[in-house]
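The following exercises are to be worked with the sequence and the coordinates at hand. Each task is followed by a solution in steps.

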Amino acid sequence: MHDKMENSVKDEELDLLLDELFRSYGYDFTNYARASLKRRVSRLMIIDRFPSFAELLYRVRQDPAYLTRMVEELTVNVTEMFRDPQVFKTIREEVLPILATHPFIRIWHAGCATGEEVYSMAILLDEANLLHKSLLYATDLNPTAIENIRKGVFPISEMKQYSENYILSGGKHDFSKYYTAKYNWAKFDDRLKAKMIVATHNLVSDRSFNEFVLIFCRNVLIYFDKYLQDNVLTLFDDSLEKLGFLVLGSKENLRFSPIARKFKQLENRERIWRKVM
Amino acid sequence: MAEGDVSKYRMVVIGGSAGSLDSILKIVAAVQEAVDVAFVVIVHRGKGGDSILTDLLSSQTTLVVKEVEDKELILPGTIYIAPPDYHLLLENEYTFSLDASEKVHYSRPSIDVTFESAALVYGPALVGVLLSGANADGAVGLKNIADAGGFTIAQQPATAEVGYMPQQAINLTKVSVILEGEDIGIFLRTLLK
């Protein structure tokens, strides 16, 4: 109907691409929210200079090495340290005191991209003297993104913003004590990394792999359709011990999901739910 | 103008940046009888999780005003605000979705992103309004709306507080009308009848 918008990928084209990614490589994007996915494909066509959709599809079919880049660009890997500082403030004040009573603290950061959130949490645990008895599982479907977590290196240009976020989250120290600046990069303290377990995990196709007391999955569900959201939330329910906590993104909600009745949102309305049943 | 008894327009998308708030408030106040139309407001602003903009707009209208949540249903007679730090997309005529990907024109939400997405979904049933601002965001989006057969309104750059943004759109595409900021609300009220 609106064929003048030639830059946009058409529904039939997107279907062809998703079918190819699934059949040849096992990546299932079919229940991703389509509006966002179409933008990612259009964007990839521009930055990698494909003159037509057919050329893009041909490349995917002929060049398995291109797949890594494709997956990297189809998924959104934008994240930051202490994003939505109020959430981290609430974790400091209301969640950590409860976790402190546990002999061992197992945390899962699902779909954590390049790991800024994992480092933020490690800093919180360190300041509460809980890091020594914690393990932070950091997973993403994108192997390139999680590689960065092992390095613990982030752009120095972001540190001003992160430092402000850290203070707003209730941080009392000089944020720069957690990293060493090298050229354009900030290398974070290896002590933080020592408690992280990094692995690829695809929320669409992989199962629960452990039981956690706290699960983070922020700004991941927005890229899924309702069906997939419900599946993933059920996976989190299965992976969370009773009275454990689930943290979602600032515009994500449990409200209309099948697991909603088992969870209770914290009083201050931050997007943190406790598994009460 | 719409022919027949019912307006053919089902959604109005309004984009603004520096100096646009006054016009937005006037538009919101003028269109409260348009209960068969959904409105979306995209304004460049800081990340803060406050509700000041929602409260301000609510004070002008009897229509429901709310910030969009992920996968929220699109209902007529409602004024939706793009939440800070997310791009606002439309999955189809019934559902919004959000996207936290890279900024566009240094902006998230970006007006271009929502305009393009709405143009794809609503085509000729869409009205796009681009207001005052110091940024090129929205120009390509307004062109997308025009190309898909929708109705386009640009604020008169000469009298806008910051004329750059609507001027970029006017340079890029033939907009349907160019109006003074204070007249857009009244014009929309007639257009949507």
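**Exercise 1: A charged residue in a loop of chain B**

At 11% relative accessibility, B:Arg108 counts as buried. The model is a predicted one. Determine where B:Arg108 is found and which residues B:Arg108 touches, not counting residues up to four places away in sequence.

Solution.
- Step 1. B:Arg108 is found in the loop between strand 6 and helix 3 (111-122) of chain B.
- Step 2. Not counting residues up to four places away in sequence, B:Arg108 touches A:Val78 of chain A, and in chain B it touches B:Pro84, B:Asp85, B:Tyr86, B:His87, B:Ala100, B:Ser101, B:Glu102 and B:Lys103.
- Step 3. B:Asp137 is 29 residues from B:Arg108 along the chain, and their C-alpha atoms are separated by 10 Å.

**Exercise 2: Three further charged residues**

For A:Lys251, state its place and whether it is buried or exposed. Do likewise for B:Asp99 and for A:Arg40, and list the contacts of each.

Solution.
- Step 1. A:Lys251 lies in the loop between strand 8 (240-248) and strand 9 (263-265) of chain A. Its relative accessible area is 12%, so A:Lys251 is buried.
- Step 2. Leaving aside neighbours within four places in sequence, A:Lys251 is in contact with A:Arg271, and also with B:Glu67, B:Val68, B:Glu69, B:Asp70, B:Pro83, B:Tyr86 and B:Leu98 of chain B.
- Step 3. B:Asp99 belongs to strand 6 (residues 95-99) of chain B, and with a relative accessible area of 0% B:Asp99 is buried.
- Step 4. Not counting residues up to four places away in sequence, B:Asp99 touches A:Ser36, A:Arg39, A:Ile222 and A:Tyr223 of chain A, together with B:Tyr86, B:His87 and B:Leu89. From C-alpha to C-alpha, B:Asp99 and B:Asp70 are 8.9 Å apart, with their positions 29 residues apart in sequence.
- Step 5. A:Arg40 is part of helix 2 (residues 34-47) of chain A and is buried, at a relative accessible area of 3%. Not counting residues up to four places away in sequence, A:Arg40 touches A:Glu73, A:Leu74, A:Thr75, A:Val76, B:Ser101 and B:Glu102.

**Exercise 3: Two helices of chain A**

How are helix 1 and helix 3 of chain A oriented to each other, and which residues make the contact?

Solution.
- Step 1. The axes of helix 1 (residues 11-25) and helix 3 (residues 53-62) of chain A come within 10 Å and cross at roughly 5 degrees.
- Step 2. Angles under 35 degrees count as roughly parallel; helix 1 and helix 3 of chain A are therefore roughly parallel to each other.
- Step 3. Helix 1 of chain A contributes A:Glu13, A:Leu14, A:Leu16, A:Leu17, A:Glu20, A:Leu21 and A:Tyr25 to the contact, and helix 3 of chain A contributes A:Phe53, A:Leu56, A:Leu57, A:Val60 and A:Arg61.
- Step 4. By class, this contact has nine nonpolar, no polar and three charged residues.

**Exercise 4: The buried side of a helix in chain B**

Which residues of helix 6 of chain B are buried, and which elements do they pack against?

Solution.
- Step 1. In helix 6 (residues 184-191) of chain B, the buried residues are B:Ile184, B:Gly185, B:Phe187, B:Leu188 and B:Leu191.
- Step 2. Because they cover an arc of only 160 degrees around the axis, they are on the same side of helix 6 of chain B.
- Step 3. The buried residues of helix 6 pack against strand 1 (11-16), helix 1 (21-30), strand 7 (126-130), strand 8 (151-155) and strand 9 (177-179) of chain B.

Key:
Residues are numbered from 1 along each chain as its sequence is written. Chains are lettered from A and ligands numbered from 1 in the order in which they are written. This is a predicted model: local features need pLDDT of at least 70, side-chain atom pairs count only at pLDDT 80 or more; totals for chains, interfaces and linings use all residues. Side-chain values use heavy atoms; hydrogens and water are left out. Axes are lines fitted to C-alpha atoms, for helices over the stretch in contact, and angles run from 0 to 180 degrees between N-to-C directions. Helices (H or I, at least four residues) and strands (E, at least two) are DSSP runs, numbered from the N terminus. Angles under 35 degrees count as roughly parallel, over 145 as roughly antiparallel, 65 to 115 as roughly perpendicular and the rest as oblique. Contact means heavy atoms within 4.5 Å. Ala, Val, Leu, Ile, Met, Phe, Trp, Tyr, Cys and Pro count as nonpolar, Asp, Glu, Lys and Arg as charged, and the others, Gly among them, as polar. Buried means under 20% relative accessible area, exposed over 50%, partly exposed in between (1.4 Å probe, protein chains only). The arc is that of the directions from the helix axis to the C-beta atoms.
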